[in-house]
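Colleague: I would like to go through this structure with you step by step, asking about charged pairs and nonpolar groups as we go. Could you start with a term that a first-year student will need?

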Amino acid sequence: MKVTITCRFTFDGIEVDNEADCRFFFLLEKRAGRWGVVFYTLLFDKDKMIPVNPHRTFAIPEKEVQQYPSGYRYLAWAESKIGRPPKMDLNAHGPERDILYGKCKDWLEGRKVEPNLTGKDIIKY
């Protein structure tokens, strides 16, 4: 399922909206005759900042945003600017995406998937 997460921020008196495009992954299992979600997560595909008033612009230092994962770099940058340290290991394009795809493949092939939602995954093959 594709979703767009939106957040509004104000920097230097200019309102900007962050739009982060994501895909949700749901792993289902049948237990006691009923289907249910055993695990779900999302993958950040891309994000962008859009001025609420198109006549007002806001410069985001390229060097600052480059330190954040590509799928949600502007959201992470904005979070850091308002004093909330962003999570740096959410599923995004790069190694995290490959880990998630590997988990989905394992799940489809009947192997057990043990998600680690609070930190880096340890791959055991």
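Modeller: A residue is called buried when its relative accessible area is under 20%, exposed when that area is over 50%, and partly exposed in between. Please keep in mind that this is a predicted model.

Colleague: With those limits in hand, is K46 buried, exposed or partly exposed?

Modeller: The relative accessible area of K46 is 45%. Buried requires under 20% and exposed requires over 50%, so K46 is classed as partly exposed.

Colleague: Which residue forms a salt bridge with K46, and where in the chain does that residue lie?

Modeller: The closest N and O atoms of this pair are 2.5 Å apart, and a salt bridge needs such atoms within 4 Å. The pair links distant parts of the chain, 25 residues apart, with K46 in strand β3. The partner counts as buried, because its relative accessibility is 14%. The residue asked for, in strand β2, is D21.

Colleague: How many salt bridges does a search of the whole structure find?

Modeller: In general, side chains of opposite charge can pair when their charged atoms come close. One such pair here is K81 and E64, with 3.0 Å from N to O, and this pair joins helix α2 to helix α1 across 17 residues. K81 is partly exposed at 44% relative accessibility, and E64 is also described as partly exposed, at 28%. For the whole structure, the number of salt bridges found is ten.

Colleague: Which residues are linked with D106 in a network of salt bridges?

Modeller: D106 and R111 meet through their side chains in a salt bridge of 2.9 Å, taken from N to O. D106 is buried at 15% relative accessible area, whereas R111 is partly exposed at 42%. The residues linked with D106 in the network are K105, E109 and R111.

Colleague: How far from R73 is the nearest side chain of opposite charge?

Modeller: R73 belongs to helix α2, and, apart from neighbours within four places in sequence, R73 is in contact with D47, V65, Q66 and Y68. Although R73 is buried, it has no salt bridge. A salt bridge would need the N and O atoms within 4 Å, but the nearest side chain of opposite charge, that of E62, lies at a distance of 5.7 Å.

Colleague: Turning to the nonpolar residues, how many residues does the largest nonpolar core have?

Modeller: In soluble globular proteins, nonpolar side chains tend to be buried together. The residues with the most contacts inside the largest core are F9, F11, F44, M49 and W77, and the elements that give two or more residues to this core are β1, β2, β3 and α2. Leaving aside neighbours within four places in sequence, F9 has contacts that include M49, L75 and I82. The number of residues in this core is 17.

Colleague: Which element gives the largest share of the nonpolar surface patch?

Modeller: The patch covers about 680 Å² and is made by M1, F26, L28, W35, V37 and Y40. F26 lies in strand β2 and counts as partly exposed at 38% relative accessibility. Both β2 and β3 supply at least two residues of the patch, but the largest share, three residues, comes from β3.

How values were computed
Residues are numbered from 1 along each chain as its sequence is written. This is a predicted model: local features need pLDDT of at least 70, side-chain atom pairs count only at pLDDT 80 or more; totals for chains, interfaces and linings use all residues. Side-chain values use heavy atoms; hydrogens and water are left out. Helices (H or I, at least four residues) and strands (E, at least two) are DSSP runs, numbered from the N terminus. Buried means under 20% relative accessible area, exposed over 50%, partly exposed in between (1.4 Å probe, protein chains only). A nonpolar core is a set of buried Ala, Val, Leu, Ile, Met, Phe, Trp, Tyr and Cys residues joined through side-chain atoms within 4.5 Å. Contact means heavy atoms within 4.5 Å. Patches are made of residues with over 30% relative accessible area and no salt bridge: like charges are joined within 9 Å, nonpolar side chains (Val, Leu, Ile, Met, Phe, Trp, Tyr) within 5 Å. Accessible areas come from the Shrake-Rupley method with a 1.4 Å probe; for residues, only the protein chains shown count as cover. Lys and Arg count as positive and Asp and Glu as negative; His and the chain ends are not counted.
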